[in-house]
Amino acid sequence: MILFEYVDYGLLRVIWWVLLGVLLIGFALTDGFDMGVGALLPFVGRTDVERRVVINTVGPVWEGNQVWFILGGGAIFAAWPPLYAVSFSGFYLAMFAVLAALILRPVAFKYRSKREDGAWRSGWDWALFVGGAVPALIFGVAVGNVLQGVPFELTPDLFSRYEGSYYGKFFGLLNPFALLTGVVSLAMLLTHGAAWLSLKAEGPVAERARRIGSVTGFVTIAGYALAGVWLAFGIQGYAIVGEVVTDGPSNPLYTEVERTASWLAAYSERPWIAIAPILGFLGMALAVRGLRAGREVSTLLWSKLGIFGAISSVGLTMFPFILPSSINARSSLTVWDSSSSHLTLFIMLVVTVIFMPLILAYTAWVYKVLWGKVTEASVTGDTHNVY
Amino acid sequence: MELDIVELSRLQFAMTAMYHFLFVPLTLGLSVLVAIMETVYVMTGRPIWRQMTKFWGALFGINFVLGVATGITMEFQFGMNWSYYSHYVGDIFGAPLAIEGLMAFFLEATFVGLFFFGWDKLSRRAHLTVTWLVAIGSNFSALWILIANGWMQNPVGAAFNPDTMRMEMTSFFDVLFNEVAQAKFVHTVSAGYVTAAVFVLGVSAWYLLNDRHTRLARRSITVAASFGLAATLSVVVLGDESGYSASHTQKMKLAAIEGMWETHSAPAPFTAIGFPDKEARETHYAIEIPLVMGLIGTRSLTEEIPGINDLVDEARRRIESGIVAYDALMTIRENRDATPAAVRETFEANSNNLGFAFLLLRYMDDPREATAEDIARAADDTIPGVAPLFWAFRIMVGLGFAFIAVMAYFFWRSSFCQQSYPRWALRLAVLIIPAPWIAAELGWFVAEFGRQPWTVDGVLPTALSVSHLSVQDLMLTLAGFVTFYTVLFIIEMGLMLKYIRKGPFQDVEETEAWEARHEHRLRTHDGQGPFADPEYAS
């Protein structure tokens, strides 16, 4: 196959960096509200019927939404194998906690309705809470740690080693900055979940969701701003030393890397990226306003915009770094030295170009079929086909 | 017992994968069976077929969700526990996993929600389309996973790149049309169909024994037995295809399964029963069937199948060549572009055996320091556990033939004996419900345990594939997964049994009324077909 050589390796790497962002944002926009709804469940639904309304707003779609997460994992494996190898083993116990929470969630959705008794159902309600809140928090904590650099280094064989004892390392993840980003992530997805409930539910459930959502939305904005300030003054950045080779072999050790004063230098080099944090603030602020005013469709769209802005601001600020190392800067993974081979990136791009539009089309069709509010009458009237 | 990182990682992978595969085969098969039932419903308009679709669909749902939940772990644990493996072969192995998500899992998961929630929101045909898309998605999922797994068994279309210290893809088509992957795909999917057929047959037989839901049960048996007969034949034929492809791609695995220590002059006999002894390198009390092994393995009477001892000798030669490759690799790594061309050539000539040099890393840090004894010891390591493979394989094959007999019998009774089934046969059908799961798990055991000591055959040893973790980490997550999965499994079984006991509970009155009217019509309208009245012909 000679075809792939017509697409520049460096360009393919950038495309796959963008696609990685698309997948993570796709996950946050779709499964994000499922997680938010799960975490809100015990607070917005007081009676069993109310909780069933809440669950059934996401009942038919959470399964498809979750595939964004699975696909994210698969795409990192296929397009960024060093990132997959280093990060998942480095964040080992945190990953285990995420997996456990995400395993609990599908089971809770499906099994909660299969028995009538109260203890059974309230147990699964808390499982849904854990399944929503824990991953949302940990994903944010992970982002906070990536921004600070992760304590790993690569041997000449490219085996990744980690510093420190494991439990120490796990609690090391929970440093103040990372906890702040964790809270921002959780608050953001809670707001997103509230915006979804405001659209799909009605009455007291929607009312409570709007009340909680406007508070968490405010927390998101404040926390995001604080993290920005912290990043400007309290956290070192990274930069590639010397000439940047965009189409060299994927061996991180071939790139010389140094620490810099701050990540935010990126904003003077590429001022246009400021659009991302601006969209983040704007989207969240308008989502809060929408929740207060009781607007439905527009609120969800603003919340999506806010999440899009916030997540892309992290990626754009760090570019070309993907996973910097805090103990051996040279081991840091960048867009230019930790991708798959030229051929694999090309093939995966072709497959994505074919299937991603199809996925978006049939997902949109499913949402269209399910359009409309979930009401108490609709869940009590049909006990067989709903949760 | 002291377990190290490698053993704990293997144990964890085996545990999570085998748990996952408790749910997958039923998903694969039941999705298709349910789609077939719904097709009959849409074609005939008889509510009983919709009731069957919904009933088996509800059981499908209870099972499906645990397949999804345990599948999440599968996608991420390569990075968590098999970090060096992920780095070393991610360029090839990651692609089918990602394509599985794009092409198959998205389809399946997006539409499965509509399968359950869409009965009142979609037209009959639209709902049927949704059901088929779920079934197609599930089956395509298996295709891509087995392409990934097939590559671990027979790593084609890839080459080692000294600059990146990993295997990189050279031909996507070779990876895609890997003969091992194709044979394994059809074999595995057929095994899923057998599982679902035995499940539907067994549950229906239990209803007939208790004289409950007989209309649903009889029809379900007819569907299950015809589908199951085709599937059991396919699973055995494609198992044979796997054996044939193993004879030239994974000779050691095949020899171990056969307990065949010495190369036999062609055509080799098949050892039906025997007691393989790794210490003595002999299979005691072997009962041999002449010719059969040669025919299965080579489909000829003249080709030889090498025995374990000869394969160990070959491994020794490959280790020696691998050391040469390793030495050249170290020079290349030091000098990069300044490497003399002769060294590059030496490396290219021996790079196929680089993985064999890695076998020595268990005993030393630098394979170049290996003595003849070290090399002999590493070559012996290429023999997998012969006795477990020998027995697991025979139990699996025995069960496969038993399924053919059961399905053929029920197919015959259903087609030519007015769907009357003797009670002993019904009891047997209930009893064998767990058997396909045993066969499927043993099949995976043979495939993966037989691949040892490699994660990727001949390329990367298992001992080298792990992550930099501590024993405590692995103990914690292993205990976590075991506990967690076991609790979920018990809950799942509880719900399955509850819903089987409960029987069909949707559209009950409508179906009963329709059937009663229909039977009344059959008795009163002499000479007219059941669909003579346009009211029921829709």
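This passage describes the contact between chains A and B, the domains of chain B and the largest nonpolar core. The model is predicted: local features need pLDDT of at least 70, side-chain atom pairs count only at pLDDT 80 or more, and totals for chains, interfaces and linings use all residues. Residues are numbered from 1 along each chain as its sequence is written, and chains are lettered from A and ligands numbered from 1 in the order in which they are written.

The interface draws 61 residues from chain B and 62 residues from chain A (contact: C-beta atoms, placed from the backbone, within 7 Å). On the chain B side, the elements giving two or more residues are H2 (47–81), H3 (83–117), S2 (166–169) and H17 (471–502) (DSSP runs numbered from the N terminus; helices are H or I, at least four residues, and strands E, at least two). H3(B) gives the most, with 24 residues.

Chain B is assigned domain 1 (5–250 + 386–474) and domain 2 (308–380); the bounds come from an automatic or database domain assignment. Their centres, taken over C-alpha atoms, are separated by 38 Å. Nine residues of domain 1 contact 11 residues of domain 2.

The largest nonpolar core holds 288 residues (buried Ala, Val, Leu, Ile, Met, Phe, Trp, Tyr and Cys joined through C-beta atoms within 7 Å; buried means 20 or more other C-beta atoms within 10 Å of the residue's own, all placed from the backbone). Leu197(A), Leu33(B) and Ala197(B) touch the most other members. H3(B) gives the most residues to this core, 23. Both domains of chain B contribute, so the core lies between them. Beyond neighbours within four places in sequence, Ala197(B) contacts Gly29(B), Ala224(B), Phe227(B), Gly228(B), Ala231(B) and Met407(B).

Key. Two residues are in contact if their C-beta atoms, placed from the backbone, lie within 7 Å. A residue is buried if 20 or more other C-beta atoms lie within 10 Å of its own, exposed if 12 or fewer, and partly exposed in between; C-beta atoms are placed from the backbone.
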